[in-house]
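Hi,

Here is the structure I said I would pass on. Have a look at it first, and my notes follow below.

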Amino acid sequence: MKYNEISHFSHPQHKLKFEYSEIPFKCDGCKEVGIGSRYKCATCDFDLHMHCAIPTPSIFHPFYTKCSFQFLSRSPGDNPRFCNACEKDITGFVYHCKSCGFDLHPCCAKLPMVLDDGEVKLYLYRKVSSSCHRCGRKGRSWSYRSKCKKYNLHVACVKEMLVETWHEFLGSHGNKGTSSRKLEMTRIPSLKNTLQNHHRRSKGKVKKCCEMAGLAVQFVISAVLGDPTTLIAGVIGNFMSRA
């Protein structure tokens, strides 16, 4: 077997090949949107996030110190379940804690606690008391927060932006079979308007911190998409700067 190919239980008929793409895809494992590194069957147009293709069988998370999460191909039971990180429905692969009943999407479970591009740091919090720059609400889901603690972005809101972007992309270019087309620059979500409104009330170091955090939002997006790397963050950042 080639080093860049794997066999996966969810797609036994063909091997999956590693590839990198700047075009959004829907993961056939967790059913969430992705971009960047993935394992793909070109014959069947079958895609998996890296976290879904090569999952860790059991994980612990610092937000749930008493929990042990097991990787499952589907959520247990017949009742609808939601991710405790982003509050979105669980419809595919999941990390589940049997004792506590908590569930995490694979990409949510692997979200970095700190996103650092060398200049800006955003910290992951389970809950924050300040409102989100996207929806204006408090609480709701995990959030990334700037060092000055004035800039917050819900993980759930990032996912909502991505879903909106995904549907717009499909509406413009057809179904998954058209993935060879390039993503239009205007399709990556931007927080420019919400940041500008916040800056009218901010001054000095706080304003500068929020401006830098706004520029670093691409790192949050890339992390939620399942590929928290500088490379893909730079690509998305380029999209956003031209939007």
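As for the overall make-up, the protein has seven helices and twelve strands. Of its 243 residues, 49% are buried. The exposed surface comes to about 12,300 Å², with carbon and sulfur atoms supplying 52% of that. If you take the contacts with a separation of 6 or more, 48% of them are between residues 24 or more positions apart.

Keep in mind that this is a predicted model, so here is how the confidence falls out. The average pLDDT is 76, and 65% of the residues score at least 70. Strand β7 (residues 94–97) has the highest confidence, at 97, while helix α4 (residues 192–199) has the lowest, with a mean of 43. Two stretches deserve a look. Over residues 176–203 pLDDT stays under 50, and the model has 52 contacts beyond four places in sequence for them. Residues 230–243 also stay under 50, with 32 such contacts.

Now for the sheet I looked at. It is an open one with four strands, ordered β9-β10-β11-β12 and paired antiparallel. The edges are β9 (114–116) and β12 (152–154); each has a single partner strand, so one side of each has no neighbour in the sheet. On average, neighbouring strands here are turned by 20° against each other, ignoring direction.

At the β9 edge, the pairing with β10 (residues 121–125) is antiparallel and runs over three bridges. There, Asp-116 sits opposite Lys-121 in β10.

Cheers

Methods: Residues numbered from 1 in each chain as written. Predicted model: local features only at pLDDT ≥ 70, side-chain atom pairs only at ≥ 80, totals over all residues. Heavy atoms only, no water. pLDDT = per-residue confidence, 0-100. Helix = DSSP H or I, 4+ residues; strand = E, 2+ residues; numbered from the N terminus. Contact = heavy atoms within 4.5 Å. Buried < 20%, exposed > 50% of the residue type's maximum accessible area, 1.4 Å probe, protein only. Areas by Shrake-Rupley, 256 points an atom, 1.4 Å probe, with all protein chains shown as cover. Pairing = 2+ DSSP bridges. Axes fitted to C-alpha atoms, helices over the stretch in contact; angles between N-to-C directions.
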